[in-house]
Amino acid sequence: MTRTAFITGATSGFGLAAARRFVAGGWKVVATGRRGERLQALVDELGADRVHPAVFDVRDAAAMDAALAALPEAFAGIDVLVNNAGLALGTAPAQQASLEDWRTMIDTNVTALVTLTHRLLPKLIERRGAIINISSVAGVYPYPGGNVYGGTKAFVSQFSLNLRSDLHGTGVRVTTIEPGMAHTEFTLVRTHGNQAASDALYRDANPMSAEDIAEQIYYVATLPPHLNINRLEIMPVTQSFAGFQVFRG
């Protein structure tokens, strides 16, 4: 039986790489995102029999519901939910940060994630499926400018552990994947399109790739059904934990 993965944020980065990895493994994929032209390119690349594009903004609950209701029968049996859609906005300290950016991160990284999870839980329980939530090391280790982004990812990690507790006995597996530095569009989005800042961050750092993380997502999804990885923290060898700050003056 062909299994189906529902992947949010599949127009770039981890989500795009994960969609390709699942299809390469013989799965069908419901690929979601706001950029319809990118989703169509993914369908053209991988095949309409393997990828169903669902174009909507995860922050729009009505659009989400409409997309779920419109799933073709061949893609309606969701076995794995990959909550990948998320973003960081801004690098300023809290006292200088944009409240609009904060709200956008909360709406995307928290509210949209829990809404979609809630919508799909009955199907995932029915199929004894799996939920893979993409968090971040920013939810574990604080750093200057991490403020709300780190807070939203800490929520994702704790929400996942609580889901695991609530779903005890259902057969549904729940995993949080917490990546460190990975070279994607992440920094471009965070800096509102500053290519120089993105280039400077990743230069000579040998960061992880989107494909590296997609491989871990696929690994977790294809574990034997009696195994659950609660959380998986991954960093490139070149990245380690930040030191404590000391202000003198």
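In the predicted model, strand 6 and strand 9 pair in the parallel sense, and four bridges join them. Within this pairing, T176 has R231 of strand 9 as its bridge partner. The two faces of strand 9 differ in their surroundings: L232 and I234 make up a covered face, whereas R231 and E233 make up an uncovered one. In a regular strand, side chains alternate between the two faces of the sheet.

The pairing of strand 6 with strand 9 belongs to an open sheet of seven strands, arranged in the order 3-2-1-4-5-6-9 with parallel pairing. Strand 3 (51-55) and strand 9 (231-234) occupy the edges; each has a single partner strand, and one side of each is therefore left without a neighbour in the sheet. From one strand to the next, the twist averages 15 degrees. Towards the edge formed by strand 3, five bridges connect this strand to strand 2 (residues 28-33), and the two run parallel. Among the paired residues, T32 has A54 in strand 3 as its bridge partner.

Helices pack on the sheet, including helix 1 and helix 8. Helix 1 (residues 13-24) touches strand 1 (4-7), strand 2, strand 3, strand 5 (130-134) and strand 6 (173-179). The direction of helix 1 makes about 175 degrees with that of strand 1. Helix 8 (residues 210-221) touches strand 4 (80-83), strand 5, strand 6 and strand 9. For helix 8, the angle with the direction of strand 6 is about 165 degrees.

Helix 5 (147-166) was examined for its length and its surroundings. With 20 residues at 1.5 Å a residue, helix 5 should span 28 Å; the end C-alpha atoms are 29 Å apart, which agrees with that expectation. The buried residues of this helix are V148, Y149, G150, T152, K153, V156, S157, S160 and L163. An α-helix has 3.6 residues a turn, so residues three or four places apart point the same way. The cover over the buried residues of helix 5 includes helix 4 (99-126), strand 5, strand 6 and helix 6 (186-190).

Aromatic side chains form a further set of contacts, with five aromatic pairs in the structure. One of them joins F22 and W27 in an edge-to-face arrangement, with 4.9 Å from centre to centre and 80 degrees between the planes. Both residues fall under the 20% limit for burial: F22 counts as buried because its relative accessibility is 0%, and W27 counts as buried because its value is 3%. A second pair, Y141 and F241, is tilted, with centres 5.1 Å apart and planes at 50 degrees. Y141 lies in the loop between strand 5 and helix 5, and F241 in the segment after strand 9, so this pair ties together parts that are 100 residues apart in sequence. Y141 is partly exposed, with a relative accessible area of 27%, whereas F241, at 54% relative accessibility, counts as exposed.

F22 and W27 also belong, together with Y218, to one aromatic cluster. The ring of Y218 has a charged residue over its face: R21 lies 3.9 Å from the ring centre. A charge is likewise placed over the ring of F75, where the charged end of K28 sits 5.5 Å from the centre.

Definitions and conventions: Residues are numbered from 1 along each chain as its sequence is written. This is a predicted model: local features need pLDDT of at least 70, side-chain atom pairs count only at pLDDT 80 or more; totals for chains, interfaces and linings use all residues. Side-chain values use heavy atoms; hydrogens and water are left out. Two strands pair if DSSP finds at least two bridges between them. Axes are lines fitted to C-alpha atoms, for helices over the stretch in contact, and angles run from 0 to 180 degrees between N-to-C directions. Contact means heavy atoms within 4.5 Å. Rings of Phe, Tyr and Trp (its six-membered ring) pair if their centres lie within 6.5 Å; planes under 30 degrees apart count as stacked, over 60 as edge-to-face and the rest as tilted. Buried means under 20% relative accessible area, exposed over 50%, partly exposed in between (1.4 Å probe, protein chains only). A charge sits over a ring if NZ of Lys or CZ of Arg is within 6 Å of the ring centre and within 35 degrees of the ring normal. The expected span of a helix is 1.5 Å times one less than its number of residues.
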